[in-house]
Amino acid sequence: MYVSPIREPLVRGGKTYSQITKDILAPMAGRPSVYWYIGISLSVAALLFGAWAIYMTVYVGIGTWGLNKTIGWAWDITNFVWWVGIGHAGTFISAILLLFRQRWRTSINRSAEAMTLIAIMCAGFFPLIHMGRILLGFFIFPYPNTRSLWVNFNSPLLWDVFAITTYFLVSLIFWYVGLIPDIATVRDKAKSKIRKAIYKFLSFGWTGSVRQWTRHETVSLILAGLAAPLVLSVHTIVSFDFATSVIPGWHTTIFPPYFVSGAVFSGFAMVLTLLIVARKALNLEEYITKIHIESMTKVIILTGSIVGIAYITEFFIAWYSGVEYEQYAFLNRAFGPYAWAYWIMMTCNVITPQLFWIKKIRTNMLVVFIISIFVNIGMWFERFVIIVTSLHRDYLPSSWAMYKPTITEVGLYVGTFGLFFTLFLLFIRAFPVVAIAEIKTVLKASTDKPMQQDHE
Amino acid sequence: MVMIAIGVVSLLYGALAGPGIKRMAANLLLNNYYFLSLGLIGLFFITAHAVSESGWHTSVQRIAEAMSSFIPIGGVLLLVFFLSGGLHLLYEWTNTEQLDEVLQGKTPYLNEPFFYIRTLVFLAGWSILAYFIRKTSLQLDIDGERKYFNRLRVLSAVFLVFYALSSVISSWDWLMSIDAHWYSTLYGWYVFSSMLAAGIAMLIILLYVLMKMGYMEHVNTEHIHDLGIYLFGFSIFWAYLWFSQYMLIWYANIPEETVYFYDRHLHFSGVFYINLILCFVVPFLALMTRNSKRSFTILIPVSVLVVIGHWFDLYLLIMPGTIGGEASGFGLVEIGTTIGFLGLFALVSFLTLAKAPLAPYKHPFYKESLDYHTHY
Amino acid sequence: MNKYLTAYYNDEEDLLEGLNKIQSEGIKVTDVLTPFPVHGLDKVIGLRRSRLSVIAFIGGALGTLIGFFFQAWVFTVDYPLAFGGKPFFAVPSFMPVTFEMAVLLAAYAIVFAYLIHNNLGPGSKNIIYDERITDDRFLILISLEDKADDQIKEVETVLENAGALGITLKV
């Protein structure tokens with residue numbers, strides 16, 4: 001298919017197909033670098049901190065947390081929503097960009113999908129542990145029992161159970177099906193017997209036959225078509241946890257698309273944080289090019305601006321509604337005891353992404369990295385502000401209270417970071433970080449130098 | 001041409017024969033807003049694709065430009081409508097002597113001077129941007145110079161930001177304030193999604209008409225397929241927003257909010273369900289298969305139904321608040337006014353189409369669009 | 001005895017050209033193995049349109065029905081309880097779970113159908129014809145079930161003329 005000459009190339013360096021294979025498999029070969037070891041030591045340490053926090057929560061009890069009568073949700077649900085939001089970028093890149101035929105997704109989708117899976121695991125952990133009796137966690141599923149009890153299908157918390165479970169299972173299968181041809185590449189290039197046997201098993205007998213490939217593309221397309229509304233629905237259902245209530249600041253119809261935009265916003269920021277480091281560390285700069293980074297910053301401008309418009313809409317309608325509780329909720333956010341959190345949120349979410357309108361900033365890797373971190377911080381504070389400020393002062397002034405996190409809650413959050421980075425570092429070693437086969441399909445149309453033939 | 005003449009005559013007939021001036025006014029508002037929005041969606045189509053550097057849309061770009069040429073005309077008509085008494089007739093907050101406590105609280109925003117300032121800013125902004133974007137697009141066609149391409153991108157970005165804010169605020173002003181006691185933060189986006197689906201459907205219909213007349217040979221099946229995908233996707237998106245708004249209000253069951261749907265269930269239940277069926281069920285089921293989106297056989301009937309469906313959507317947004325259950329109906333006034341506006345819209349669009357070559361030959365992405373084929 | 005010929009190309013454009021030549025000589029190509037999906041290859045080989053989308057639709061429809069009617073049964077027949085003033089047959093409440101079930105069943109139906117139908121799975125015994133297929137080689141496979149030796153020679157000549165490399169007879 002003809003590609004206009006004014007388009008920038010997606011793969012630099014005049015690569016041949018076998019060079020692509022070599023470059024992408026390189027991080028998996030040999031011994032890991034010293035940075036990898038440092039990274040995994042830190043993340044395992046964080047994981048152990050989390051393990052201690054789990055012990056405290058389960059053995060001593062939920063009382064080790066800072067929750068109280070009025071503020072029943074705080075760090076636990078903030079972290080849950082934050083992690084789910086991050087997970088959305090992976091599916092967005094894999095599914096929605098596929099449906100929109102954006103070829104630049106091919107070098108970033110594999111790692112983004114892996115990030116999604118790990119983020120969902122981190123997210124799902126919080127609802128489980130916040131129930132206190134984690135050993136009875138299976139109660140949330142509708143199974144026939146002798147007490148004739150079913151789960152409450154009317155509750156958004158239950159809809160969450162179905163949504164997160166489905167999201168995890170479908171993302172898993174989408175990631176894995178896409179990975180099969182690349183696992184076959186690893187299998188065929190593997191030198192040691194054990195390595196070959198493991199990847200042979202995992203590759204499911206992939207031969208590269210035209211039949212397998214054609215059907216594979218059909219399956220990928222249909223899975224993308226399923227995953228796209230799925231990702232919208234998951235964060236929508238998460239937003240329903242709040243919007244179906246009657247609490248000022250929570251009950252507002254804009255939450256579903258606003259949460260989804262915010263999720264894509266923070267998700268892309270996390271992808272940027274990870275990939276700006278990964279592309280340098282794994283020598284993949286010719287695959288994850290400045291164009292890819294720039295395209296992601298443009299998605300951040302778009303979603304960040306949507307979030308900004310949602311903020312403006314919320315303030316205005318709060319005033320317009322004439323409902324004094326709603327109006328107070330917003331005044332309290334900006335000027336009450338948690339105002340510091342609110343202003344961090346506004347600066348990070350509304351101002352910093354707008355900097356990406358400037359091309360010089362979009363293409364400066366260090367600045368993009370810093371801004372991506374700010375966006376993630378900002379989005380964490382957004383969830384915190386929504387949850388805690390609305391809960392701590394709602395209708396009855398006599399119920400007003402304050403909240404402070406305890407070391408146990410902090411430990412759980414740090415633990416999820418440990419889980420995230422441990423699994424991601426392991427992923428880098430175990431599987432190809434870039435979708436090898438997909439990159440090869442865009443090579444011809446998108447390279448900056450003509451390909452040399454690579455005969456032996 | 002003849003249809004257009006009939007259309008304009010119907011407009012006059014519809015305006016004079018209406019049972020009750022309020023109903024005529026409501027219909028004028030409905031159709032005026034509808035076709036103005038369709039024009040805006042045309043502009044949105046061009047600008048969104050320009051900013052995302054997409055190439056395939058260039059083959060149908062001229063149709064979208066033609067739709068956007070209706071913006072100034074729809075805008076002027078709307079302004080005239082408001083100034084000549086439409087505002088006072090339909091919007092109860094203009095009745096400043098008899099405002100209750102709630103509405104009094106809203107007067108810093110809902111007052112006539114501020115209303116007119118906002119309206120003028122929006123209409124002027126849209127018309128100016130539409131004019132410059134069309135001009136740049138035509139300049140690009142003269143020599144394909146890079147600077148016009150970049151200017152198109154910049155203007156598109158400006159329009160998108162302006163449109164994001166103005167479409168939301170204008171929907172509050174012109175539609176939501178009809179039911180001035182009620183509010184919904186999702187409203188602006190909901191109305192936008194409704195117009196978006198209808199706009200794509202209208203674009204498809206115009207494309208079909210042109211192709212039937214023998215033009216637009218450069219448009220291939222893949223382009224039609226992508227437009228069909230848009231129609232399918234945006235209809236689902238509309239249904240998603242419809243459900244979000246409805247379910248959240250239903251679930252929390254706060255009387256202040258549920259009153260909005262109460263009247264609609266009671267007196268307008270037929271339209272309520274027709275709305276859902278035409279705007280969601282039909283496109284969802286009929287456009288699911290790949291082949292249905294690749295030819296006009298199914299695509300055109302579905303597009304027509306979607307355009308009608310979103311007309312009913314606007315009907316539900318406007319009629320209950322202005323006329324109420326007993327006085328409203330669906331008769332000559334509705335059909336006449338609609339045909340009138342449709343005729344005007346078609347007239348303006350076709351005049352614009354005639355003014356420039358139907359394919360933007362020198363556009364840097366045009367060759368890509370010609371060769372456009374996909375494998376799924 | 002399973003006799004077959006393998007030959008390869010280094011580039012997908014050469015592959016497509018070569019295949020056209022080979023097929024125009026009347027030779028039936030059994031399979032083509034590539035490192036990535038080559039567009040247009042399925043048409044050249046004459047692959048039928050897949051019916052996987054039907055499976056996805058059936059899975060989705062099943063999920064919708066199961067999800068919706070299970071919730072409806074639980075809340076209207078088996079154990080109706082009044083939650084927050086909601087009616088027993090609470091259609092808006094049932095929608096999220098119904099949707100999720102539809103997506104879940106559709107996705108798993110299509111993936112399992114795909115894997116089973118293409119003989120892919122943890123214990124699969126598919127033959128790997130050339131280890132460079134997953135790297136940069138585009139392989140053509142021609143099965144020679146009951147061809148005599150001179151016929152085989154003919155096929156090999158055709159392949160040579162079509163620019164194929166590394167023509168080998170395998171058993």
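# Reading the contacts between three chains

Chain C and chain A bury about 5,700 Å² between them, with carbon and sulfur atoms giving 65% of it. The model is a predicted one.

User: How many residues of chain C and chain A take part in that contact?

Analyst: Start with who touches whom. Here 68 residues come from chain C and 62 residues from chain A.

User: Which three residues of chain C supply more of the buried area than any other three?

Analyst: Look for the big contributors. They are Glu100(C), Tyr114(C) and Thr134(C). Together they supply 11% of the area that chain C buries against chain A.

User: How many salt bridges link chain C and chain A?

Analyst: A salt bridge pairs a side-chain nitrogen of Lys or Arg with a carboxyl oxygen of Asp or Glu, within 4 Å. Between chain C and chain A the count is 2. One of them joins Lys196(A) to Glu131(C). Their closest N and O atoms are 2.9 Å apart.

User: What about polar contacts between chain C and chain A?

Analyst: There are 21 residue pairs in polar contact across this interface, counting pairs with both residues at pLDDT 80 or more.

User: Which elements of chain C each supply at least two residues to the side that touches chain A?

Analyst: Read the side by its helices and strands. Four helices and a strand appear here: helix H1 (12–24), strand E2 (31–33), helix H2 (41–45), helix H3 (52–78) and helix H4 (91–117) of chain C. H4(C) gives the most, with 17 residues.

User: What classes of residue make up the side of chain C that touches chain A?

Analyst: Sort the residues by class. This side has 38 nonpolar, 14 polar and 16 charged residues.

User: Let us turn to chain A and chain B. What is the area buried between them?

Analyst: The same kind of reading applies. Chain A and chain B bury about 4,100 Å² between them, and carbon and sulfur atoms give 69% of that area. The contact takes 43 residues from chain A and 50 residues from chain B.

User: How many salt bridges does the rule find across the interface of chain A and chain B?

Analyst: The rule finds 1 salt bridge there. Its partners are the side chains of Asp226(B) and Arg101(A), at 2.2 Å from N to O. For polar contacts, the count between chain A and chain B is 10 residue pairs, both residues at pLDDT 80 or more.

User: Which helices of chain A each supply at least two residues to the side that touches chain B?

Analyst: They are helix H5 (156–189), helix H7 (210–243), helix H8 (255–281) and helix H9 (290–321) of chain A. The largest share of this side comes from H9(A), with 12 residues. By class, the side of chain A that touches chain B has 28 nonpolar, 11 polar and 4 charged residues.

User: Now for chain B as a whole. How many helices and strands does chain B have?

Analyst: Count the elements, then check their order. Chain B has 14 helices and 0 strands. From the N terminus on, the elements of chain B are α throughout.

User: How much of chain B is buried?

Analyst: Chain B has 376 residues, and 62% of them count as buried. Its accessible surface comes to about 14,100 Å². Of that surface, 70% belongs to carbon and sulfur atoms.

User: What do the contacts in chain B say about sequence distance?

Analyst: Take contacts between residues at least 6 apart in sequence. In chain B, 83% of these join residues at least 24 apart.

User: Let us look at single residues. Is Ser245(A) buried or exposed?

Analyst: Compare the relative accessible area with the cut-off. Ser245(A) has a relative accessible area of 16%, so it is buried, as buried means under 20%. Ser245(A) lies in the loop between H7 and H8 of chain A.

User: What does Ser245(A) touch, not counting residues up to four places away in sequence?

Analyst: Ser245(A) touches Trp250(A), His251(A) and Ala252(B). The side chain of Ser245(A) also reaches the backbone nitrogen of Ile247(A), at 3.4 Å.

User: Where is Ser148(A), and what is its phi?

Analyst: Check the backbone angle as well as the place. Ser148(A) is in the loop between helix H4 (109–129) and H5 of chain A. Phi of Ser148(A) is near 60 degrees, a positive value in a residue other than glycine. Ser148(A) is partly exposed, at a relative accessible area of 42%.

User: What about phi of Asn253(B)?

Analyst: Phi of Asn253(B) is near 60 degrees, a positive value in a residue other than glycine. Asn253(B) sits in the loop between helix H9 (221–252) and helix H10 (255–267) of chain B. Its relative accessible area is 48%, so Asn253(B) is partly exposed.

Technical notes
Residues numbered from 1 in each chain as written. Chains lettered and ligands numbered in written order. Heavy atoms only, no water. Buried < 20%, exposed > 50% of the residue type's maximum accessible area, 1.4 Å probe, protein only. Contact = heavy atoms within 4.5 Å. Areas by Shrake-Rupley, 256 points an atom, 1.4 Å probe, with all protein chains shown as cover. Buried area = accessible area lost by both parts, 1.4 Å probe. Polar contact = N/O pair within 3.5 Å; in protein donor to acceptor, adjacent residues only side chain to side chain. Nonpolar A, V, L, I, M, F, W, Y, C, P; charged D, E, K, R; others polar.
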